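Student: I've got a model open and I'd like to learn how to read its features. Can you walk me through it?

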Amino acid sequence: MTSDYDIEILEQVVEETEIKRYNQIVLFNDDVNTFDHVIDTLISVCDHEPLQAEQCAMLVHYKGKCSVKTGDYKDLEPRCTALLDAGLSAEIQ
């Protein structure tokens, strides 16, 4: 048997659990940019480590796309713009 106290505690826990949805920048493959350009751009724009940038570039090349940065839209929007300005194909999803 549940008491009023048990229900009140359960309601508090449910209220405190907030699901935060993040967006992601997806980088798409193209036939224009070199691996070095993609890697250098990911390092400077998305704060990737060199190995991480290289792995993302390989995934983009072989899979056609790769999520390169996850976070709040406010943080991702200028980064995505910088990727586009660098000639890469990217979008926020």
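Tutor: Sure. Start with a definition: a residue counts as exposed when its relative accessible area is over 50%, and as buried when that is under 20%. Keep in mind that this is a predicted model.

Student: Okay, so which residues of H4 are exposed?

Tutor: Lys74 and Asp85 are, on the other side of the helix from its buried residues. H4 itself runs over residues 73–85, and its 13 residues reach 18 Å from first C-alpha to last, close to the 18 Å expected.

Student: And which residues of H4 are buried?

Tutor: Leu76, Arg79, Cys80 and Leu83. Look down the helix axis and they fall within an arc of 105°, so they line one face of H4.

Student: What do those buried residues pack against?

Tutor: Four elements are listed here: strand E1 (23–28), helix H2 (35–46), strand E2 (65–71) and strand E3 (89–92). Just after H4, also check Gly87, which has a positive phi of about 90°.

Student: Cys80 caught my eye. How many disulfides does the structure have?

Tutor: The general idea is that a disulfide is a covalent bond between the sulfur atoms of two cysteines. To call one, you want the two sulfurs within 2.5 Å. A search of the whole structure turns up 0.

Student: Why is there no bond for Cys80?

Tutor: Because its closest cysteine sulfur, in Cys46, is 8.7 Å away, too far for a bond. Cys80 is buried, at 7% relative accessible area.

Student: And what about Cys66?

Tutor: Its sulfur is 3.9 Å from the closest cysteine sulfur, in Cys56, and that is too far for a bond. Cys66 is buried too, with a relative accessible area of 9%.

Conventions: Residues are numbered from 1 along each chain as its sequence is written. This is a predicted model: local features need pLDDT of at least 70, side-chain atom pairs count only at pLDDT 80 or more; totals for chains, interfaces and linings use all residues. Side-chain values use heavy atoms; hydrogens and water are left out. Buried means under 20% relative accessible area, exposed over 50%, partly exposed in between (1.4 Å probe, protein chains only). Helices (H or I, at least four residues) and strands (E, at least two) are DSSP runs, numbered from the N terminus. The expected span of a helix is 1.5 Å times one less than its number of residues. The arc is that of the directions from the helix axis to the C-beta atoms. Contact means heavy atoms within 4.5 Å.
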